[in-house]
Amino acid sequence: MNGTPLLIVDAANVVGSRPDGWWRDRAGATVRLRDSLAHLAGSGVPPELPPPVEVVLVVEGAARKVPPVSGVRVVAAERSGDDAMVDLVATNPQRRRVVVTADRELRERVTQRGAEVYGPRWLTGRLVDPRGSC
């Protein structure tokens with residue numbers, strides 16, 4: 001493996017893993033997730049994923065218009081978010097690919113293509129609240 005590792009985050013799955021009222025504003029919840037991911041490009045997700053890391057947030061549905069920010073590339077799924085994540089894994093075989101999702105079918109699809117998979121709790125416990133609290 002060479003190049004900067006890809007951290008591919010299933011936005012809908014990670015947002016949906018926390019009962020914080022996300023269903024009232026899916027796009028807003030996705031923006032908060034995106035902003036909390038920005039520091040990971042430089043810090044990685046130690047010890048499993050040391051820096052530097054390319055962070056890719058895959059969005060769909062009501063969150064498709066969420067723009068990227070420094071440190072987080074946003075991919076708006078044209079079809080399903082799952083298909084977009086599988087495509088990212090498949091088109092980057094030379095790189096280490098880490099996918100964050102709890103979706104069983106997606107986990108199977110990306111591991112068949114050589115990606116590692118972690119659940120949302122693995123990631124959310126390491127995020128920084130951009131508003132200043134954790």
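How many salt bridges does the structure hold? Eight. I will come to several of them shortly. One caution before that: this is a predicted model. Please keep that in mind throughout.

Let's start with the sheet. It is open and has five strands. The order is E3-E2-E1-E4-E5, and the pairing is parallel. Which strands sit at the edges? They are strand E3, residues 72–76, and strand E5, residues 116–118. Each of those two pairs on one side only. On average, neighbouring strands are turned by 25° against each other, direction ignored.

Now look at one pairing in detail. Strand E2 covers residues 54–59. Five bridges join E2 to E3, and the two run parallel. To find one of these positions on screen, take Leu 57. Its bridge partner in E3 is Val 74.

Next, the helices on this sheet. Helix H4, residues 81–90, lies across four strands. Those are E1 (6–10), E2, E3 and E4 (97–100). H4 runs at about 170° to E1. Helix H5, residues 104–111, also packs on the sheet. H5 touches E1, E4 and E5. The direction of H5 makes about 155° with that of E5.

Back to the charges. Side chains of opposite charge can pair when their charged atoms come close. Please find Glu 54. The side chain of Arg 73 meets that of Glu 54 in a salt bridge, at 2.9 Å from N to O. Where are the two partners? Arg 73 is in strand E3 and Glu 54 in strand E2. They are 19 residues apart, so this pair links distant parts of the chain. How exposed is each of them? Arg 73 is partly exposed, at 35% relative accessibility. Glu 54 is partly exposed too, at 22%.

Glu 54 also meets Arg 95. Their side chains form a salt bridge at 2.7 Å, N to O. Arg 95 lies in the loop between H4 and E4, and Glu 54 lies in strand E2, so this pair ties together parts that are 41 residues apart in sequence. Is Arg 95 buried or exposed? Buried, with a relative accessible area of 12%. The cut-off for buried is under 20%.

Another salt bridge joins Arg 79 and Asp 87. Their closest N and O atoms are 3.2 Å apart. Arg 79 is exposed, with a relative accessible area of 55%. Asp 87 is partly exposed, at 38%. This pair belongs to a network of salt bridges. Which residues are linked in that network? Arg 79, Asp 83, Asp 87 and Arg 109.

Stay with the loop between H4 and E4 for a moment. Asn 92 has its place there. At 12% relative accessibility, Asn 92 counts as buried. What does Asn 92 touch, beyond residues up to four places away in sequence? Leu 6 and Arg 97.

Now to helix H2, residues 26–37. Two residues here are worth a look. Take Thr 30, which has its place in H2. Thr 30 counts as buried, because its relative accessibility is 4% and the cut-off is under 20%. A polar atom of the Thr 30 side chain lies 2.9 Å from the backbone oxygen of Arg 26. Which residues does Thr 30 contact, leaving aside neighbours within four places in sequence? Ala 11, Val 15, Leu 57, Val 59, Ala 63 and Val 66. You have met Leu 57 already, as the bridge partner of Val 74.

Val 31 is also in H2. Val 31 is partly exposed, with a relative accessible area of 26%. Its C-alpha atom is separated from that of Val 69 by 9.7 Å. Along the chain, Val 31 and Val 69 are 38 residues apart.

Last topic: aromatics. A pair of aromatic rings is described by the distance of the centres and the angle of the planes. How many aromatic pairs does the structure hold? One. The partners are Tyr 118 and Trp 122. Their ring centres are 4.1 Å apart and their planes are at 15°, so the pair is stacked. Under 30 degrees is the cut-off for that word. Tyr 118 is partly exposed, at 22% relative accessibility. Trp 122 is buried, with a relative accessible area of 12%.

To close, three places to revisit on screen. Go to Glu 54, with its salt bridges to Arg 73 and Arg 95. Then go to the network that includes Arg 79 and Arg 109. Finish at the stacked rings of Tyr 118 and Trp 122.

Technical notes:
Residues are numbered from 1 along each chain as its sequence is written. This is a predicted model: local features need pLDDT of at least 70, side-chain atom pairs count only at pLDDT 80 or more; totals for chains, interfaces and linings use all residues. Side-chain values use heavy atoms; hydrogens and water are left out. Two strands pair if DSSP finds at least two bridges between them. Axes are lines fitted to C-alpha atoms, for helices over the stretch in contact, and angles run from 0 to 180 degrees between N-to-C directions. Contact means heavy atoms within 4.5 Å. Buried means under 20% relative accessible area, exposed over 50%, partly exposed in between (1.4 Å probe, protein chains only). A salt bridge is a side-chain nitrogen of Lys or Arg within 4 Å of a carboxyl oxygen of Asp or Glu. Rings of Phe, Tyr and Trp (its six-membered ring) pair if their centres lie within 6.5 Å; planes under 30 degrees apart count as stacked, over 60 as edge-to-face and the rest as tilted. A polar contact is a pair of N or O atoms within 3.5 Å; within protein, one must be able to donate a hydrogen and the other to accept it, and residues adjacent in sequence count only if both atoms are side-chain atoms.
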